[in-house]
Amino acid sequence: MKRIALFPGSFDPFTKGHEDIVIRGSLLFDEVIIGIGQNSQKQRFFPIEVMINCINEAFKDYPNVKVDSFVGLTATFAEKINAKYLLRGLRNTTDFEYENSIAQINKNIYPNLETVLFITSPELAYISSTIVRDIHKWGQNVDKYLPYKLPT
Ligand code: ADP
């Protein structure tokens, strides 16, 4: 059976830090699905359709990487697409505290789901979507943080 891993997140925007996790995951699993979670409470800056196109462009040479979006719980989406592994990145202890709780909850919802935590590559650990988004809003060029060119 195919080993499918889901890499869920807001990806507003998807960064080189995220890319690193996906590439490392693609070497371990048969398929990696990048799942953009749609949260009705949170207004996005980069529209989902734009981000899907950008991510497809970034992984055009990776046949086992796909991107999709979902509404609702991550664990429910993982079950729906038959993903038994949930990929997440750990940048620091704050990420660890959060990921630890969410992994337990996700396992309660979908007991077959195994969370796999990747220690972030140190040269990419400082990159966060929030900061990239903020500096982009103020007109800074953010190309060096992204694995694709933003549409103009
Ligand atoms: P969420 O809103 O679900 O936290 P994000 O898009 O911010 O979504 O992040 C998705 C995942 O990517 C999280 O596991 C996060 O820890 C990880 N991540 C974020 N930035 C980086 C980075 N620079 N390097 C590695 N992993 C990262």
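Which backbone N or O atom lies 2.7 Å from an oxygen atom of the ligand? The points below begin with that contact and then move outwards through the model, which is a predicted one.

1. Ligand contacts. The backbone atom in question belongs to Gly 89, and the distance to the ligand oxygen is 2.7 Å. Two side chains also bring an N or O atom towards an oxygen atom of the ligand: for Ser 10 the separation is 2.6 Å, and for Glu 99 it is 3.4 Å. The ligand on its own exposes 550 Å², of which the protein buries 87%.

2. Ligand surroundings. There are 16 residues around the ligand. Those that come nearest are Ser 10, Phe 11, Gly 89, Leu 124 and Ile 127. Gly 89 and Ser 10 thus appear here as well as in the contacts above.

3. Strand E1. This strand covers residues 4–9, and 6 of its 6 residues are buried. Ile 4, Leu 6 and Pro 8 point one way, while Ala 5, Phe 7 and Gly 9 point the other way. Residues on both sides of E1 are buried.

4. Neighbours of E1. E1 runs parallel to strand E2, residues 31–38, and 6 bridges join them. One of the pairings is between Gly 9 and Ile 36 of E2. Between E1 and E2 the chain passes through helix H1, residues 16–28, in a right-handed β-α-β crossover. E1 is also joined to strand E4, residues 85–90, by 2 bridges, and these strands run parallel too. There, Ala 5 stands opposite Tyr 85.

5. The loop between E1 and H1. Two backbone features deserve a check here. Phe 11 lies in this loop and has a positive phi of about 50 degrees, although it is not a glycine. Is Phe 11 buried or exposed? Its relative accessible area is 3%, which is under the 20% cut-off, so Phe 11 counts as buried. Pro 13 is placed in the loop between E1 and H1 as well. The peptide bond leading to Pro 13 from Asp 12 is cis, with omega near 10 degrees.

6. A second positive phi. Asn 82 is not a glycine either, and its phi is positive at about 70 degrees. Asn 82 sits in the loop between helix H3, residues 74–80, and E4. With a relative accessible area of 35%, Asn 82 is partly exposed, whereas Phe 11 is buried.

7. The nonpolar core. The largest nonpolar core holds 29 residues, and Phe 14 and Ile 34 have the most contacts inside it. E1, H1, E2, helix H2 (48–58) and strand E3 (65–71) are the elements that give two or more residues to this core. H2 gives the most, with 5 residues.

8. Towards the end of the listed elements. Val 142 lies in the segment after helix H5, residues 129–137. Where does its accessibility place Val 142, buried or exposed? Val 142 counts as buried, because its relative accessibility is 2%. Val 142 is 11 residues from Ile 131 in sequence, and their C-alpha atoms are 10.0 Å apart in space.

Methods: Residues are numbered from 1 along each chain as its sequence is written. This is a predicted model: local features need pLDDT of at least 70, side-chain atom pairs count only at pLDDT 80 or more; totals for chains, interfaces and linings use all residues. Side-chain values use heavy atoms; hydrogens and water are left out. Buried means under 20% relative accessible area, exposed over 50%, partly exposed in between (1.4 Å probe, protein chains only). Helices (H or I, at least four residues) and strands (E, at least two) are DSSP runs, numbered from the N terminus. Two strands pair if DSSP finds at least two bridges between them. A crossover is right-handed if, with the strands pointing away from the viewer, the path from the first strand over the helix to the second runs clockwise. A residue is near a molecule or strand if one of its heavy atoms lies within 4 Å of it. A polar contact is a pair of N or O atoms within 3.5 Å; within protein, one must be able to donate a hydrogen and the other to accept it, and residues adjacent in sequence count only if both atoms are side-chain atoms. Accessible areas come from the Shrake-Rupley method with a 1.4 Å probe; for residues, only the protein chains shown count as cover. A nonpolar core is a set of buried Ala, Val, Leu, Ile, Met, Phe, Trp, Tyr and Cys residues joined through side-chain atoms within 4.5 Å.
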